[in-house]
Structures are given as structure tokens and as C-alpha cells.
Amino acid sequence: MHKPLLKYCGIRSEADLEIVAESAADFIGFIFANSKRRVEPGKVREWLKIVDASSKKLVAVFVNPSQAELHDVLSVLPIDVIQFHGNERIEDIMRVKEKFSGTIWKALHHHPETIDEMNDYKDVVDGYVIDSRMKNQWGGTGISFDWNAVPNYLEIATTYEKVCFIAGGVNEQNIDRLLTLKPHGIDLSSGIEMNDKKSKKKIKLIEERMLQHVNLS
Ligand SMILES: O=C(O)c1ccccc1NCC(=O)[C@H](O)[C@H](O)COP(=O)(O)O
């Protein structure tokens, strides 16, 4: 089995960045939306001058951003992927695509219409992040959704030739089950944190589980 793509999200300090830069993550995510994990683009730029994260792709996570908010981030940081995590309209995303030549992912929250939404966005995005749906919180909830739906999401994404990350409450205790479902990618934030900081110990446990799974299958 190929190792699923791995994204560590919600980097909020130079120390966090140092930890994930040394990890097996393929993608590292920064939150530019209202959240306890929100970061300022200028600060991230400073950290990136000090910490070598050049082996990682940088993901900018937005929730219904204005053009100015997008510009503030994209003009300062070498962003590889924009992750839209709100209820951005298709025409909003199309407008961004006119200027941004990188990858675009749409986060969709697990609910009865998610499959329809995957279809709605398929012509404007390169991939999906399926996350838990919680009242008053767009993401970073630490809560997982019913993973019985994951095979269906993966199948639909594959049909559309898109990558599909599974997010929401993934941690070292439940990642084994998720790995058996062969997600294209796994996205973690709360599950690699301790006292609001990224934890080397938790990352090590996650990566050991992933490695064992890949070696066994
Ligand atoms: O992480 C946040 O605080 C956040 C806030 C607003 C929008 C999105 C946010 N996170 C996006 C992510 O990609 C997270 O990694 C994803 O929601 C999973 O989080 P978690 O359940 O904490 O592992």
C-alpha cells in the first residue's frame, strides 16, 4: 500500500513549524481564518526564513475570504495549495483560479448532501478535504465523523480524478481504522497537539502507525 498523503494543519508558531518540518508530512497547513490557530502571513514568512520547510508543500486555509485577505497571504507566502474551508461559491473559486495557478482543495463537511457537493465543485477544484460538521466551528474540531461514509467519498473522488483527504478528529488511537479504508490523504490538527502546541511525541506515534500499516499491507 502507498503511504497516504499526510497533512499537518494549524501550525501556529516557529516551534510548531520546526516540529512539522522534520516530520513525514507532505503538506503543512496554516489557518488564515477566525480560529485559535489563526496566524499572520508576515509571521509565517519570518518563521519560514528560519526553519527549512522546503520539502513540504504549504497549504493556506481560508474560510470565505475576501479578495484582500487572499492577496495579503498570496503576496507574502509561497503557497502551493489553497484550501477553502467555508461555504465559498463556485464562482468565488473560479475567480481565484484566474490568478492562482497552484492547487485548490475544497473542504466539505460530512452530512447527507456531501456527495452532491463533491459533484458541484468538481470542475473547479483539484481535491477535497472531508471534515466533521460541527455547529459554530468550520474546522479543527478534534471530532471525527462516521467513517462508514469514507469508502463512498473515496470512490466518488477517484471517479472525478481528485484527491480526497479525510479530516476531523484523527489521532493516534483511531488512525489504524482510518488506514484500513485507504484514504488518499489524512489531515490532522488537534490529534497532533498537546496543550495547544504541536507535539513531537504524538507525531511520532502517528507516523509509526502509518509506517506499520504501509509495511503490513
Ligand atoms: O484548525 C482550525 O482551527 C480551523 C479553523 C477554521 C477552518 C479550518 C480549520 N482547520 C482546517 C483543517 O484542515 C484541520 O486540519 C481539519 O479541520 C482537522 O482538524 P482536527 O479535527 O483538529 O484534526
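How far is an oxygen atom of the ligand from a polar backbone atom of glycine 142? In this predicted model, the gap comes out at 2.9 Å.

**View 1. The ligand and two glycine backbones.** Glycine 142 offers a polar backbone atom 2.9 Å from a ligand oxygen. Glycine 169 does much the same job for the picture, with a polar backbone atom 2.8 Å from an oxygen atom of the ligand. As for cover, the ligand on its own has 520 Å² of accessible area, and the protein hides 99% of that.

**View 2. A side chain joins in at aspartate 187.** Here a polar side-chain atom of aspartate 187 sits 2.7 Å from an oxygen atom of the ligand. Asp187 is also among the residues that come nearest, along with Ser35, Asp131, Gly140 and Ser190.

**View 3. The shell and its pocket.** Zoom out a little and you get 22 residues around the ligand. Sorted by type, that shell holds seven nonpolar, 11 polar and four charged residues. The ligand's spot is the largest pocket.

**View 4. The annotated stretch.** UniProt, in an unreviewed entry, lists residues 7-208 as "domain: N-(5'phosphoribosyl) anthranilate isomerase (PRAI)". Across residues 7-208, the chain is 34% helix and 21% strand, and the end C-alpha atoms lie 15 Å apart.

Methods. Residues are numbered from 1 along each chain as its sequence is written. This is a predicted model: local features need pLDDT of at least 70, side-chain atom pairs count only at pLDDT 80 or more; totals for chains, interfaces and linings use all residues. Side-chain values use heavy atoms; hydrogens and water are left out. UniProt positions are given in the numbering used here, feature names are shortened, and annotations may be inferred rather than shown by experiment. Helices (H or I, at least four residues) and strands (E, at least two) are DSSP runs, numbered from the N terminus. A residue is near a molecule or strand if one of its heavy atoms lies within 4 Å of it. A polar contact is a pair of N or O atoms within 3.5 Å; within protein, one must be able to donate a hydrogen and the other to accept it, and residues adjacent in sequence count only if both atoms are side-chain atoms. Accessible areas come from the Shrake-Rupley method with a 1.4 Å probe; for residues, only the protein chains shown count as cover. On a 1 Å grid over the protein atoms alone, a cavity is a set of points where a 1.4 Å probe fits but cannot get out, and a pocket is an open set with protein on both sides within 12 Å along at least five of seven lines; lining residues have an atom within 4 Å of a point. A molecule sits in a cavity or pocket if more than half of its atoms lie within 2 Å of its grid points. Ala, Val, Leu, Ile, Met, Phe, Trp, Tyr, Cys and Pro count as nonpolar, Asp, Glu, Lys and Arg as charged, and the others, Gly among them, as polar.
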